[in-house]
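Got the structure open in your viewer? Let's walk through part of it together, one selection at a time.

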Amino acid sequence: MLNRQRMRNKPITTLTALINHVTPVSSHCRLYVDGLIWALGMKFAIDQINNSTSLLPGVKLGYDMYDTCFEPAMALYPSLLFLTQNSTTGIGVLCNYSDYQPRVTAVIGPYKSDLCLLTAKLFSFFWIPQVSYAASSEKLTDTELYPTFYRTVPGDKNLVEAVILLLTKFGWNWIAIIGSDDEYGRGAQEQFLNIAENHSICIAFEGLIPTDLADPSAKQYLEYTINLINRTQVNIIVLFSHSLSAQAFLELSIKMGLGKKVWIGTETWLLSDIAASIPNIQSIGIVLGFITKTSPVPGFQEYVADLFTSVQQEEFCQESRELNQLLSPDTLGARCRQCDRVSLRAMASSLSRAQVEPVHVAVYSVAHALHRALGCTQHECPRAPIRPWQLLQFLDTFPFEVNGQQFRFDRSHGTSTGYKLIFWSWENDTLQYLPVGDYGESLYINESQMELHTKDSEETTSECFKLCKPGQVKQTKGFHHCCYDCTDCPENTFWSAEDSSMCTPCLQDQWSPARSTQCYNRSERYLFWTEPLTIALLTLMSITMTLACLAAVLFLKNLETPLVQASGGKLSLFALLTLLLLCLSCCLYIGKPSNNICMIQPMVYTLCLSACFSTFFIKSLEITLVTEFPHCAPTFLHWVTQRRAWLLVALCLLPECLFCLGYLHLGPDYLVTDYKSLPTEVVLLCNTESWFAFALMHGYNGCLGSACFLCTFMVQGSGKKYNFARGITFAFLIYFIVCIFFVAVFVTLKTVLRSVAQIGTMLTISLGILVTYYIPKCYIIVLKPHLNTVDYFQNSIEEEPEDSSTRDNNPDPLSPAPQ
């Protein structure tokens, strides 16, 4: 938009959506105060350059300014004019435009991204530099599509990153995003959606504001949008929109009672008087947002004040009328008639906060490129024709200085100056734009200046989720996939990676508590020698074995006495020995088990018990013969009372041995590792392979016990005689009771308590036999030796004495007999 010509009236041209002086059919332009200020900023820069003695010395820059009215068609009219050949109204159609000399050398503007996307392709085709001071669309960063387009503001991506950091800073992750239905709104919204997901921000609603507000359906759509925002109960609204669309949306939100929200905006509406002048605008809630970080342009406000003072003078007006008459007829308009009614006082508030520096820098960037292209020195510029494309290499590669500050276009032909965070602060119904932070490479916020007194209130709280802590995973709720609750990982699982949506199971030999971030190795659990329960059992075992040993010693010393002989003699010593072995086998259940130990345990238990029960079975048969079959007793008693009794013991023990062999064949017990019974330990225990073999082995002992019980429980004795049957009866009654509990416990328990139950069963049975059968006899031997006589134990099993003839013919079967 700059054309280097020394004597011509219009060597520099400016295209911008600024001053309304052309009103085409179907287009309705109105004065845009901010646009007028930007136009004055361009004029100020050009006047500075023309008065400079070091930048383009001897070269005067001219300009044409046209109002685009935010309309594509209006932007094309002057654009086509700029492309006409110098001093003509025609556009040359050439294969090579390297020598083509258009009407202008460079273009500044326009303001909106939509219009820049339209004009940038056109100017790029003719290789004319175009520098915008506000278009921020990321599409314009494509230097292949728009090789001659430059801008002096950051792109939308930078702005979106700043907004997302702001949301993250305050923990706002449940938001609505609204954009104007134009390139700026759609582009910024698209950028936001692409980046927000990676920062755990959930979009409750996204919508577009119609730009054609005259359309009857526009209001209906706005109402629909506001109702949807109300339904989502979102409290944070990000608004990427130009001022007119934002005005319509905010006005309707207030009328429909949207309620107080937190509004995050951009300078396109945040600094506009249009939005700030909406009736009851204070009721919308908290407003903050980002504006491009700029510096004040020195002397600009004084320049504008002087200019408005000159306008009021008749000399200026006369000169302006004469200039309008001299304008060539090929211009598209000569005057902004609405500008005649603008006063400095009306522009004061906009002028104080206007972002003029990007406009100023845009003009200076072209001037510096032209200075280098011409080969100017500090004192003069050589007279040489310059084609527009010759400026491009200098715009690309060289930095330039404006008001003591260095600027340079990056690879995407933009500048990155950063942003300021401003906060709408109301004091006595007066709006103050309060700077509360800035964004460059990082975001800084001075929260103490933001006056967020309602920080914990409803309108400043907008969370769809909370950041999950280590050991928690996200559980989606509702139909928004980004909304979730934090759920603790259950036991034996762990949280393996950040943002993981699933808990990872631990390995089988590991465990973890709930909400864990790692797994731990399980410790082995079995019945340890040192634990209190084991010590108690070993103590009981020692007591039992001591009693058995004392009984055995006592019986051995008194082996030839009537009591010991009537109790079974050496068979009793054998039974006591098996009880000792049974007690010692308890040690097989303590300590770390193995497959061999698991195999031996049931065989030792059942064989010891069978051997013990066999002796009682012989004694029970003896009692039965004497009490129930006295006439057969003389014939069969020698089988159960003399050495042949040992043969019967062996015969009783033989089936149990066969059952043990069957147990080994069908499947012995084996070691298993139980990972489920205990939360943090792996239980080592023996598992039954064949329940059939288990039933045979234990069932046979049960049969022996039943036979002994049946043979003795009905026997009655004289009060003057010792009753041997009662000891056997009570011993096996205890055995049956213990077995009932043992089977119930053994089948259900899957922990070390199974071993405890087995040890307890063996010791209880052993103690039961000792207490009911052997201890009473030991009591007589030690404390009442006078009863240890043949006469006392003679006929002690008979229910009633036989008649004298019978007694004389039948010797006492229970009297001491040689063994």
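Start with residue Q233, which comes right after helix α6 and has a positive phi, near 55 degrees. Keep in mind along the way that this is a predicted model.

Now step back into the helix itself and select residues 216-232, which make up α6. Which of its residues are buried? They are A218, L222, T225, I226, L228, I229 and T232. Look down the axis of α6: these buried residues fall within an arc of 160 degrees, so they line one face of the helix. Swing around to the other side of α6 and you'll find P216, K219, Q220 and R231 exposed.

What do the buried residues of α6 pack against? Light up β6 (174-180), β7 (202-209), β8 (236-240) and α7 (243-255) to see their partners.

Next, bring up the whole sheet. It's an open one with eight strands in the order β7-β6-β8-β9-β10-β13-β14-β15, and the pairing is mixed. At the edges stand β7 and β15 (443-445), each with a single partner strand, so one side of each has no neighbour in the sheet. On average, neighbouring strands here are turned by 25 degrees against each other, direction ignored.

Zoom in on β14 (residues 430-439) and β15: they run antiparallel and are joined by three bridges. Pick Y439 and you'll see L443 of β15 standing opposite.

Finally, show the helices on the sheet again. α6 touches β6, β7 and β8, and its direction makes about 170 degrees with that of β7. α7 also packs on the sheet, touching β6, β7, β8 and β9 (261-266), and its direction makes about 170 degrees with that of β9.

Note on methods:
Residues are numbered from 1 along each chain as its sequence is written. This is a predicted model: local features need pLDDT of at least 70, side-chain atom pairs count only at pLDDT 80 or more; totals for chains, interfaces and linings use all residues. Side-chain values use heavy atoms; hydrogens and water are left out. Buried means under 20% relative accessible area, exposed over 50%, partly exposed in between (1.4 Å probe, protein chains only). Helices (H or I, at least four residues) and strands (E, at least two) are DSSP runs, numbered from the N terminus. The arc is that of the directions from the helix axis to the C-beta atoms. Contact means heavy atoms within 4.5 Å. Two strands pair if DSSP finds at least two bridges between them. Axes are lines fitted to C-alpha atoms, for helices over the stretch in contact, and angles run from 0 to 180 degrees between N-to-C directions.
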